[in-house]
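Please look over the sequence and the structure shown here before reading on. The paragraphs that follow lead through some of the features one at a time.

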Amino acid sequence: MKSLLRILALLLFAQVVMAQEVNDGNELLNRPAERTYDIILDSGYLKVGVYEDFPPYSYQVDGEPRGIDIELGRRIAEEMGVEFKVHWIIPDENLGDDLRNNVWKGHYLAKQRLADVMLRVPYDKTYAYMQDSTGEYINEQVVLFGPYQQETWQIAYNPEKLDAVETVAVFQYNRIGVEIDTLPDFYLTSAFGGRMREQVRHYTNVADAFEAMRKGEVSAVMGMRSEIDHELAKSENAMFEAAGNGFSGIGKQVWDVGMAIKHTHRQLGYALEAIIDRLVKTGEMNELMASQKLRYSVPGYYREFLDEQSIARAEGDL
Amino acid sequence: MRTNKFGIRIAASALAMAVSYGAHAVTDEDIINDHKTPEDIVSYGMGTQGQRYSILEDLNTNNVQYLQPAWAFSFGSEKMRGQESQPLIKDGVMYVTASYSRIYAVDARTGEEIWQYDARLPDGIMPCCDVVNRGAAIYGDKVIFGTLDAKLVALNKDTGKPMWIKKVADYQAGYAITAAPMVIKGKVITGVSGGEFGIVGKVEAYDANTGDLVWTRPTVEGHMGYVYKDGKKIENGISGGKAGVTWPGEMWKNGGAATWLGGTYDPDTDSLFFGTGNPAPWNSHLRPGDNLFSSSRLAIDPDDGSIKWHFQTTPNDGWDYDGVNELISFNYEENGKTVKAAATADRNGFFYVLNRENGDFIRGFPFVDKITWAEGLDPKTGRPIYTEGGRPGNPADMEGGKGEMVLAQPAFLGGKNWMPMAFSQQTGLFYVPSNEWSMDIWNEPVSYKKGAAFLGAGFTIKPANDDYIGVLRAMDPKTGEEVWRYENTAPLWGGVMTTAGGLVFTGTPEGHLKAFDAKTGEELYRFNTGSGVVGTPITWTMDGEQYVSVASGWGGAVPLWGGEVAKVVKDFNQGGMVWTFKLPKDRVASN
């Protein structure tokens, strides 16, 4: 019954989503509109691509878009002097698929539907310049730019079950919940010769894993730091705590998150980059995060050239 | 033409309506005897055993050059992609599905449309496995097919009006249906397609008249099966007895094993034969164990969904070798005895002959030129003998680097993919549409998913030879001998049919419908349909003439993959037609 309600709720949301989204593609040619910077300004709106149902980044409450990426999208649109429009993204198997479906080509079932800019795109030079077996640049159709946040991994645990999480070794003996098909899932089922494998429980998302922790099915949950912070800020999770352990063996401990546009729309990219740069340096980005009760780390990109004082300002420590 | 609220377009053709109103209902007997009644085709497989063998001999090796187009029919709209359907024929009407969950009733004599039904797909649907549809089932006054949003739709076969629509699984959870359902003993039997992770495969039976669920059978160890009686859901045993025997931890809960290609049915043993897809997650190092019933063939009781036996082709699969390829029932004589056998050509490159009464392994042999991942099969059990170092590495083991690259042959698209082979009762040979390709697999040094760092594997498909990828092979199931082969530049992706006229039909991505001599492999006929053929041909007789039909429209999985193979196929144009040919009466005598 509960799942039925969820489906009904999703159906209701779907209607609202349709009301918000714009499809400005060319129906006759079945291709997306070529929305350059000037056309965006003329049209009076910016279509911002964000993942659907992905708290605390982008999600809906009573049909209203919410989350840190939504707030950032609104702020960008405001600074450009245009209206914010949401473009919901259903995640595919990997980032490359999402970029193809939403930034440069369009999904083959919805070829006219593209975002002007996509948020929550990892900013990583190695990724951006990856080549395929024939030497072609895999991501040559997009520009990755404008890192606005640094993300990392985090564990929350139930202090009634665990004294502390000094290392992940405790999960050889205690159950831990993860979102299925994520790095925490792979990490915990394979690290240290698979010694934690038997204790891993899989859930559809981090919120479901927290629900399982409240029921006592698991003693801890691993996810992205913002996801964990968001759950810990909820009153029903007040008894849980954030762990301070490291994640030895994970190749990517931290990564920058930025934006993506189609490579032919660089002028839009420069405009957005200037806006983001100001939001990060003035500490406004930190305030956005803090308003959602989320910790903020300045992207590694800025750490390479900002002095300590500037970083402290950006992170709200000044 | 008009569109009503169900999204059906009805073309009012007085002649066509007259044809279908005179039609008879399709019975269980009609379906079981389909292979003996060449005036109609009422099952996917031209018979429930899936042999795709027609007893018709009017069209034969001597006169096939006179086969001529009778009509062609366009599926219309801009949805020109991946026509993998096998048409059905009943009382002078063709029922044919098209990509994007569409179905058409067409006058089989003239090619005029009688009705069309377009399933209304939800906005934002992301089917895992392209937009193809492989065909329909027909029963009573209904024609039934599956949709990309994982529903079964039963339409009145004369009007195209929906009679019932049932949700088989949740498309938002990653499920879809692309295979043709079948009707056995009044029940519609279907499997499900699914994405890479988080789903559990199942086979289900629905009452053909009402659409009510009759039984459900999960294809992963540890999940409970159910039968439904008088509105009650009754437990009918856990698949494999209990959870966690061949899976670590609770990974069986999301084990994959999607039944995405449908099944066959053998009346002799009263068994449904379904194949299952690869286990999840993709990285085999995370799930030590056999991971039943992934990459397997299952014999299932059609009355209650119980599993009678299983045979696993790739235990602990690490190469994406789905075990879904069709298991075809056939008999052969050995030492004066009739052996009730069944055969399948697996994605993993081995051809298996099984005892269809109990699933015992009889023999197995490679049907492709080279297999790297296994040295062979255990002669007693048929279990693969793995090659040392042939398994892709564990992405979780790597530290920054690209990891060791492993070359595996066949590629994950398989020595043979979904496209059905055929068995000739005349020659005793299987005609196997196969491909010679390999893949490099490595651990991605950097990978992201949904805004987060991720561990991914990279892979690329490479042709094994410079001048061809596809090979149509005639294989002797008793000896493993390749009797003849036909090499094709592009990968073969269409089904095969064979006839008592000594012919083997298949299509090529280059666009040709081709006919070969079943004994020698000599190419006897070709016709350019204008787009790649990835459908499965049929033949039937009507008004004393023999007809052949095939859907044309390039697409399916091959063009979705890049690398070296893309160079071979990138210039093929998509399409959406069904072509029908016939041998004129006066040519029959010419043999």
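**Cores, a sheet and two domains**

In the largest nonpolar core, which has 165 residues, those that touch the most other members are B:Tyr95, B:Ala136, B:Ala137, B:Ile144 and B:Tyr431. Such a core is a set of buried Ala, Val, Leu, Ile, Met, Phe, Trp, Tyr and Cys residues joined through C-beta atoms within 7 Å, where buried requires 20 or more other C-beta atoms within 10 Å of the residue's own, with C-beta atoms placed from the backbone. A second, separate core of 92 residues includes A:Tyr59, A:Ala77, A:Leu114 and A:Met285.

This is a predicted model, in which local features need pLDDT of at least 70, side-chain atom pairs count only at pLDDT 80 or more, and totals for chains, interfaces and linings use all residues. Residues are numbered from 1 along each chain as its sequence is written, while chains are lettered from A and ligands numbered from 1 in the order in which they are written.

Chain B also holds an open sheet of four strands in the order β31-β32-β37-β38, with antiparallel pairing; strands are DSSP runs (E, at least two residues), numbered from the N terminus, and two of them pair if DSSP finds at least two bridges between them. Because β31 (422-423) and β38 (482-488) of chain B each have a single partner strand, they stand at the edges, and one side of each is left without a neighbour in the sheet. Strands β32 (residues 430-435) and β37 (residues 470-475) of chain B pair in the antiparallel sense over six bridges.

In chain A, the domain assignment, which is automatic or from a database, gives domain 1 (2-151 + 255-314) and domain 2 (152-242).

How values were computed:
A residue is buried if 20 or more other C-beta atoms lie within 10 Å of its own, exposed if 12 or fewer, and partly exposed in between; C-beta atoms are placed from the backbone.
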